[in-house]
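This briefing sets out selected features of the structure shown below. It is arranged by topic for reference at the bench.

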Amino acid sequence: MNGKFTLISLASKNLKRKPLRTLILMIAISLLVSTLVFALSFVRRVDSSIKLTSERLGADILIVPAGSRGAAEDILLENKVKTFYMDKGIMEKVGQIEGITDVTYQTYLITIQGLCCSVPETMVVAFNQDTDFIIKPWLKGKVSGRLLKGEAIVGSESAFNIETGAIEVDSVLFGNVFKMVGVLDKTGTGLDTALFMDEANLDDIIKKGKSDMKPGQISIIFARVKAGIDPYKVAAKIEDSVIEVDAVARKDIGKNLINTLRDINRIFSISVLIASLLSIFLVWAIFSAVVNERLKEVGIMRAIGAKESHVLRLFLFEVIIIGSLGSIVGIVCGTAVSFFLAKGFSIMKNISTDLSVLQRVYISLTGFVGGTIICVIGALSPIQRIKKTEPLNVIKEV
Amino acid sequence: MTHLTIENVTKTYFLEGNKIDAVSNITLGINKGEFVSIVGHSGSGKTTLLSIIGGIARPTSGRVVFEGDDLYALDSDRLSGYRCEKIGFMFQFSSLLPVLTAKENILLSVLFKSNGGASDVHEEKAVELLKMVGLGDKINAYPSQLSGGQQRRVAIARAFMNDPELILADEPTGDLDEETEAEMMRFFKSMNAGKNITFIMVTHNSDLAMQTGRRLRMSNGAIAEL
Ligand SMILES: Nc1ncnc2c1ncn2[C@@H]1O[C@H](COP(=O)(O)OP(=O)(O)O)[C@@H](O)[C@H]1O
Ligand SMILES: [Mg+2]
């Protein structure tokens, strides 16, 4: 025997005597915890991705052609590749609405696949450098001066960037040669996979007939409102006065996704709840049997001086060992599953934000505490019962 | 000085509607360092009396006073403390935990005393006790690897682990061969004389009883001096 002999050594010896039973309990707990960890990772990841996007978007309101709100959210939140257009004149109308201080706009294009090289389908964002306040903050010091015609910058996760491994590489887009002159900081939004250029390039692209947009069209307008003014009210005013557009206040970005997420969350909650109840029941059933088997042993321990608290502690150690080991396995499995299986969910596939270390620690801790507590809850009533065991009577039942 | 007093103790069992006084109005005083033997037929109430003295069976009426404490007026934890620290109980039936080795079984009683783990000193003492009962080569054996008589001797060794003041031995040599029985008796007497431990020993062996300082006989729940 190595190490000191303690109640914990007795607890672990007791667990080893019925290895299969111990294993079944641990597996049950680890299944529960992995479900919990997976669910939390999933929901947290989508949720924080949406929050991050809305926080990092430098605008209070975004304005898109009526009916394109979903598409705009897909681009920003899920890195999807989509386009929609409206008349540039709308921007002036929006700019005149009371409470708005700045407006800028962007035009979205999609690279044409197979045209050249191995460039995959990518969002191309043409923006106005004079009014822009969306892109610039992510360009700090990366690009000196203005972007010239024929120059482009790429998002931090852009396929161009990754594939070429270099920045100053010429790329052929829409039949024009572009020079990649910089990389945007990581934004954690859909911008990370896009490619950015000045709107001056649009004319050539349209002339060459490489895009389905018409001259004078834009895709999206970003607006900032005066401090102290409610963006929701301004957005409502925009929708009232400019019928061709949808206006979305920053906090409402991803609302549909959040609603979907809420439903997913509810399904996860119910699953975890059912799994918890099943685990509690399993632990209860197994520990009731354990307790009955060990009545005589507990009677002996009581007769040679064990207090109720010793019996309580012994059995608590046993459940806690099962609960904590099961939970650790569950955390590992749940995290692994959320890594690999999540890729199969389209909602996850396109989300750029990953969980932070802190969030992972938080989720793991929740899983650990949850799994262990479930175990303890299940075993509590059998343990309370055996704690009260009287010494002699049971000893005589040889 | 009276070390232990048993005052009008009765223990009544009800079995299928019949009332059995397993111990019937016994009054007895035992002094520190006495070696008392109890003989009597099977069913005469010896185990019941020992259990009452050992703090593991509440009498139906009467009191047991040990060093001034009325045992059954103590709260549960203090009664456990009494069983743990004052008493060394050798039960009539096998009483080892199957998952623990001989040494660990002996150390178990230390856990209930110290609240911590068993120290090196405790380990040495446990090994020493096992050697004293002739099991120096079975220290790490599990009960299933020991004969009935060897298990019995582990339980004997365990009773001394916490330096008890009173040993309650319920037919402790019942399944031992004559030679080992004699050895155990010598061991008991040396502990009784050397450490002034009080002994109350139930036995069927009248030779053993003859070696003790005070002999009692139980019949039908009553007790008498021999
Ligand atoms: N738990 C019990 N329930 C009912 N009767 C019991 C119980 N324990 C002992 N008895 C009865 O009490 C009497 C004394 O038993 P016991 O003290 O074990 O005798 P001994 O140890 O002298 O053989 C016996 O008649 C026995 O049947
Ligand atoms: Mg008996």
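A residue is called exposed when its relative accessible area is over 50%, and buried when that area is under 20%, with partly exposed in between. By this definition, Val121(B) and Glu124(B) of helix 4 of chain B are exposed. The model is a predicted one, and the points below cover two helices, a magnesium site and the cavities.

**Helix 4 of chain B**

- Helix 4 of chain B comprises 13 residues, 120-132, which at 1.5 Å a residue should span 18 Å; the C-alpha atoms at its ends lie 18 Å apart, so expectation and model agree.
- The buried residues in helix 4 of chain B are Glu123(B), Ala126(B), Val127(B), Leu129(B) and Leu130(B).
- These residues occupy an arc of only 160 degrees around the axis, and therefore lie on the same side of helix 4 of chain B.
- Val121(B) and Glu124(B), the exposed residues, are on the other side of helix 4 of chain B.
- After helix 4 of chain B comes Gly134(B), with a positive phi near 80 degrees.

**Helix 9 of chain A**

- Helix 9 of chain A, residues 295-303, is mostly covered, as seven of its nine residues are buried.
- Its buried residues are Glu297(A), Val298(A), Gly299(A), Ile300(A), Met301(A), Arg302(A) and Ala303(A).
- Gly305(A) follows helix 9 of chain A and has a positive phi, near 120 degrees.

**Magnesium site**

- The magnesium ion (ligand 2) is coordinated by OG1 of Thr47(B) and OE1 of Gln92(B), at 1.9 to 2.2 Å.
- Thr47(B) belongs to helix 1 (46-53) of chain B, whereas Gln92(B) sits in the loop between strand 6 (87-90) and helix 3 (102-114) of that chain, so the pair ties together parts 45 residues apart in sequence.
- With a relative accessible area of 15%, Thr47(B) is buried, while Gln92(B), at 25%, is partly exposed.

**Cavities**

- Eight cavities of 30 Å³ or more are found in a search of the whole structure, and the largest cavity has a volume of about 100 Å³.
- The lining of the largest cavity includes Ala303(A) and Ile304(A) from chain A, and Arg83(B), Phe89(B) and Asn162(B) from chain B.
- Helix 2 (76-85), strand 6 and helix 5 (148-159) of chain B each contribute at least two residues to this lining, with strand 6 of chain B giving the most, three residues.
- By character, the lining residues of the largest cavity are six nonpolar, three polar and two charged.
- Ala303(A) is thus listed both among the buried residues of helix 9 of chain A and in the lining of the largest cavity.

Key
Residues are numbered from 1 along each chain as its sequence is written. Chains are lettered from A and ligands numbered from 1 in the order in which they are written. This is a predicted model: local features need pLDDT of at least 70, side-chain atom pairs count only at pLDDT 80 or more; totals for chains, interfaces and linings use all residues. Side-chain values use heavy atoms; hydrogens and water are left out. Donors are N, O and S atoms within 2.8 Å of the metal (3.2 Å for Na, K and Ca); water is not among the atoms, so sites may look incomplete. Helices (H or I, at least four residues) and strands (E, at least two) are DSSP runs, numbered from the N terminus. Buried means under 20% relative accessible area, exposed over 50%, partly exposed in between (1.4 Å probe, protein chains only). On a 1 Å grid over the protein atoms alone, a cavity is a set of points where a 1.4 Å probe fits but cannot get out, and a pocket is an open set with protein on both sides within 12 Å along at least five of seven lines; lining residues have an atom within 4 Å of a point. Grid points are joined across faces, edges and corners, and a volume is the space filled by probe spheres set on the points. Ala, Val, Leu, Ile, Met, Phe, Trp, Tyr, Cys and Pro count as nonpolar, Asp, Glu, Lys and Arg as charged, and the others, Gly among them, as polar. The expected span of a helix is 1.5 Å times one less than its number of residues. The arc is that of the directions from the helix axis to the C-beta atoms.
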